[in-house]
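Please open the structure in a viewer and keep the selection panel at hand. The tour begins inside the fold and then moves outwards.

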Amino acid sequence: MNSTSTMTVRQAPPAAIIDIRGDLTAQSEHGLSDAYAQAAEAANTVILNFDGLEYMNSSGIVLLVTLLIRANRQNKRLIVYGLSDHYRHIFQLTRLDDAILIFDSEADALSAIRA
């Protein structure tokens, strides 16, 4: 399978948002890592937007765990929104939902961190 993804970073003070489009697989590692570095440099809270996610496999989950460890080491918060019911369930099964706050929308995520 040919994996295609794009990661775009945008500012939404007090956070930085990484818009994930396409697939999140092992081939996404450099793009996600670079996007995270850019986002973490700009803000203490990094929000992952999964609205554009088409496919994520176990390697994608590993990338998220790696990102979480990196964020924790840097005292950054990692938040997600836009997960489909299927991927929300995957977060529950892998217990990622214990470590990463999950919101339904960008507005909900931003309201929570601005509160």
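Select first Ile18, Leu24, Leu48, Phe50, Leu78 and Phe91, the residues with the most contacts inside the largest nonpolar core, which has 30 residues. Such a core is a set of buried Ala, Val, Leu, Ile, Met, Phe, Trp, Tyr and Cys residues joined through side-chain atoms within 4.5 Å; buried means under 20% relative accessible area, with a 1.4 Å probe and protein chains only. At least two residues of this core come from each of strand 1 (5-12), strand 2 (15-24), helix 1 (29-42), strand 3 (45-56), helix 2 (58-73), strand 4 (77-81) and helix 3 (85-93). Helix 2 gives the largest share, six residues.

This is a predicted model, in which local features need pLDDT of at least 70 and side-chain atom pairs pLDDT 80 or more, while totals for chains, interfaces and linings use all residues. Numbering starts from 1 along each chain as its sequence is written, and side-chain values use heavy atoms, without hydrogens and water.

Centre next on Phe91. Beyond its neighbours within four places in sequence, Phe91 is in contact (heavy atoms within 4.5 Å) with residues including Phe50, Leu64, Val80 and Ile102. Then select Ile17, Tyr81, Leu110 and Ile113, which belong to a second, separate core of 10 residues.

Finally, show the whole chain as a cartoon. Five helices and five strands appear, in the order β-β-α-β-α-β-α-α-β-α; these are DSSP runs (helices H or I, at least four residues; strands E, at least two), numbered from the N terminus. Of the 115 residues, 45% count as buried. The C-alpha atoms fill a box of roughly 40 × 25 × 25 Å along the principal axes.

Notes:
Buried < 20%, exposed > 50% of the residue type's maximum accessible area, 1.4 Å probe, protein only.
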